[in-house]
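Hello,

Here is the structure for you to look over. My notes follow below it.

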Amino acid sequence: MTKTTDPVAINDWQVIGRIDDFLKGQPKQTRLLGQSLVAERHKNGDIKVHEISELGETLRSCPVQEKFGHVWTTLGKPKRELFDIPEFQQIDRKYVGCGGVMVKASALRVVENFLDIGHFPYVHTDFLGSEPLTEVKDYKAEIRIDVDEVWADDISFHQDKAMLSATGGKAVEYMYRVVSPFNTVLYKTCPEKPEEWDIIGLFAQPLEENLCRVYAFMLVFDSQNTETDLIHFQQMIFFQDIIILENQLPVGVPLYDGAERSIKADKTQLQFRKWLKQKGLQFGTDQET
Ligand SMILES: [Fe+2]
């Protein structure tokens, strides 16, 4: 496809890779919102990103930011700054980047799946849940207008192995935060430091309407496990989701009324869809015909 005309997706910051993947003198080609890009780290350390034509000609340059272990750019003029994740300032947290995984699905479907707690006992059996403890107790989900984000909190349910550092099954608390349409963070009970939250985030790079690269990361308090063990645990969970994500129909997230039936546990997804609709986002959505 060609570059989207969707102004909401264009005029926002989008991830294009992990900082570690941009090496000096090694131009890197990628896609964003249907547009081909070339990114290169120059001798002075700065990364330059350009749109390129289908014939490989260099077109306009795009703004770049390196933040949260990742590289961000925009194809337009963002109305607001890149969101903040203040926990990145807590130096005693362990940051673990889990790499990028290509998923043949809309980036919005990936975010929506991340917000879905109802699937845990069935898809992540014996880790994030198990039958018969499938009940999702009532919780709060809302669009926070002041920060233009979707939040869900007061979430609590039983998990068998919530994190690699967890010892045995227990009730785990969650909060979700959707910081922009393709980027989300969750806060969950920290087994090692109960007064803090462990953080798991997903940054999804929307390559095409139905194709994205997903970068997961953790910001955790875990003195026991190696980075490799933590990555393997997170990847195992995510790979369990991929088969579902790649077979979901319709491919885009439907934003019209009555598109998909919902249940109480879907509260966060409902707020997410409402928020996307209010924004007028088109890219990665399914429009009623
Ligand atoms: Fe999942």
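These notes go from the domains to the sheet, then to a helix and the strands around it.

Please keep in mind that this is a predicted model.

Domains

The domain assignment splits the chain in two: domain 1 covers 7-73 and domain 2 covers 86-286. Their centres, taken over C-alpha atoms, lie 26 Å apart. At the contact, 15 residues of domain 1 meet 18 residues of domain 2. On the domain 1 side, helix H1 (7-10), strand S1 (14-18) and S2 each supply at least two residues. S1 gives the most to that side, with five residues. By class, the side of domain 1 that touches domain 2 has seven nonpolar, five polar and three charged residues.

The four-stranded sheet

S2 also belongs to an open sheet of four strands, ordered S2-S3-S4-S5 with antiparallel pairing. Its edges are strand S2 (28-32) and strand S5 (58-62), each of which pairs on one side only. Neighbouring strands in this sheet are turned by 35° against each other on average, direction ignored. S2 meets strand S3 (residues 35-41) in the antiparallel sense, over five bridges. To find your place there, look for glutamine 29, which stands opposite valine 38 in S3.

Helix H5

Now go to helix H5, residues 267-279. It has 13 residues and reaches 19 Å from first C-alpha to last, close to the 18 Å expected at 1.5 Å a residue. Which residues of H5 are buried? They are Lys267, Thr268, Gln269, Gln271, Phe272, Arg273 and Leu276. What do these buried residues pack against? Their partners are helix H2 (107-114) and five strands: S9 (140-144), S10 (149-159), S11 (170-180), S15 (253-254) and S16 (285-286). Just after H5 comes glycine 280, with a positive phi of about 80°.

Strands S10, S11 and S12

Two of the strands that H5 packs against, S10 and S11, also pair with each other. That pairing is antiparallel and runs over eight bridges. Serine 156 has glutamate 173 in S11 as its bridge partner. S11 is also joined to strand S12 (residues 183-189), by six bridges and again antiparallel. Here arginine 177 stands opposite valine 185 in S12. S11 and S12 form a hairpin, with two residues between them.

When you open the model, I would take S1 and the domain contact as a starting point, since S1 gives the most to the domain 1 side. Then move on to H5 and the strands its buried residues pack against.

Best wishes

Technical notes
Residues are numbered from 1 along each chain as its sequence is written. This is a predicted model: local features need pLDDT of at least 70, side-chain atom pairs count only at pLDDT 80 or more; totals for chains, interfaces and linings use all residues. Two strands pair if DSSP finds at least two bridges between them. Axes are lines fitted to C-alpha atoms, for helices over the stretch in contact, and angles run from 0 to 180 degrees between N-to-C directions. The expected span of a helix is 1.5 Å times one less than its number of residues. A residue is buried if 20 or more other C-beta atoms lie within 10 Å of its own, exposed if 12 or fewer, and partly exposed in between; C-beta atoms are placed from the backbone. Two residues are in contact if their C-beta atoms, placed from the backbone, lie within 7 Å. Domain bounds come from an automatic or database domain assignment. Ala, Val, Leu, Ile, Met, Phe, Trp, Tyr, Cys and Pro count as nonpolar, Asp, Glu, Lys and Arg as charged, and the others, Gly among them, as polar.
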